[in-house]
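Please look over the sequence and the model below before reading on. The briefing that follows takes up a few topics in turn, for a reader who is new to this structure.

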Amino acid sequence: MIADKTSDNGAERTFRCQFNLKSLKYSNTATYYLVIADEQGLQMPQREPFQIDIAFAVDEFDFFS
């Protein structure tokens, strides 16, 4: 994603994106990180912690076979 909006209005600088997770086992107690990096490397990468809580685990049902 290229987040290059420069408006003074914060609502106009809001981005919505969607992530597709791989069919793996994710722990709802583990902390995962979204890393936001500057393409030119001029700023330090920003790490945003989050948790993944999926209602149906991969092995519970045979949806992926």
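Once its neighbours within four places in sequence are set aside, V35 is in contact with P45, Q46 and R47. V35 itself belongs to strand β1, and its C-alpha atom is separated by 4.6 Å from that of R47, although the two residues are twelve residues apart along the chain. The model is a predicted one, and the points below should be read with that in mind.

**Strands and overall make-up**

- The secondary structure of the protein comes to two strands and zero helices, and strand β1 covers residues 32-36, while strand β2 covers residues 46-50.
- Of the 65 residues in the protein, 2% count as buried.
- Among the contacts in the protein with a separation of 6 or more, 22% are accounted for by residues that stand 24 or more positions apart.

**The surroundings of F50**

- F50 lies in strand β2, and, when residues up to four places away in sequence are not counted, F50 touches A30, T31, Y32, Y33 and L34.
- One of these contacts, A30, is 20 residues from F50 along the chain, and the C-alpha atoms of the two are separated by 8.7 Å.
- F50 is partly exposed, because its relative accessible area of 35% falls between the 20% under which a residue counts as buried and the 50% over which a residue counts as exposed.

**Aromatic rings**

- The structure holds two aromatic pairs, and one of them is formed by Y26 and Y32, which meet edge-to-face with 5.8 Å from centre to centre and 70 degrees between the planes.
- The rings of Y32 and F50 have centres 6.3 Å apart and planes at 35 degrees, so this pair is described as tilted.
- Since Y32 lies in strand β1 and F50 in strand β2, the pair ties together parts of the chain that are 18 residues apart in sequence.
- Y26, Y32 and F50 form one aromatic cluster; Y26 is partly exposed, with a relative accessible area of 24%, and Y32 is also partly exposed, with a relative accessible area of 23%.

**Charges over rings**

- The charged end of R47, a residue already met as a contact of V35, sits over the ring of Y33, 3.8 Å from the centre of that ring.
- In another such arrangement, the charged end of K5 sits over the ring of F15, at 4.7 Å from its centre.

**The largest pocket**

- The largest pocket has a volume of about 630 Å³, and of the 16 residues that line this pocket, M1, A3, I36, A37 and D38 are the closest to its centre.
- Strand β1 gives the most to the lining of the largest pocket, contributing three residues.
- By character, the residues of the lining divide into ten nonpolar, three polar and three charged.

Key:
Residues are numbered from 1 along each chain as its sequence is written. This is a predicted model: local features need pLDDT of at least 70, side-chain atom pairs count only at pLDDT 80 or more; totals for chains, interfaces and linings use all residues. Side-chain values use heavy atoms; hydrogens and water are left out. On a 1 Å grid over the protein atoms alone, a cavity is a set of points where a 1.4 Å probe fits but cannot get out, and a pocket is an open set with protein on both sides within 12 Å along at least five of seven lines; lining residues have an atom within 4 Å of a point. Grid points are joined across faces, edges and corners, and a volume is the space filled by probe spheres set on the points. Helices (H or I, at least four residues) and strands (E, at least two) are DSSP runs, numbered from the N terminus. Ala, Val, Leu, Ile, Met, Phe, Trp, Tyr, Cys and Pro count as nonpolar, Asp, Glu, Lys and Arg as charged, and the others, Gly among them, as polar. Rings of Phe, Tyr and Trp (its six-membered ring) pair if their centres lie within 6.5 Å; planes under 30 degrees apart count as stacked, over 60 as edge-to-face and the rest as tilted. Buried means under 20% relative accessible area, exposed over 50%, partly exposed in between (1.4 Å probe, protein chains only). A charge sits over a ring if NZ of Lys or CZ of Arg is within 6 Å of the ring centre and within 35 degrees of the ring normal. Contact means heavy atoms within 4.5 Å.
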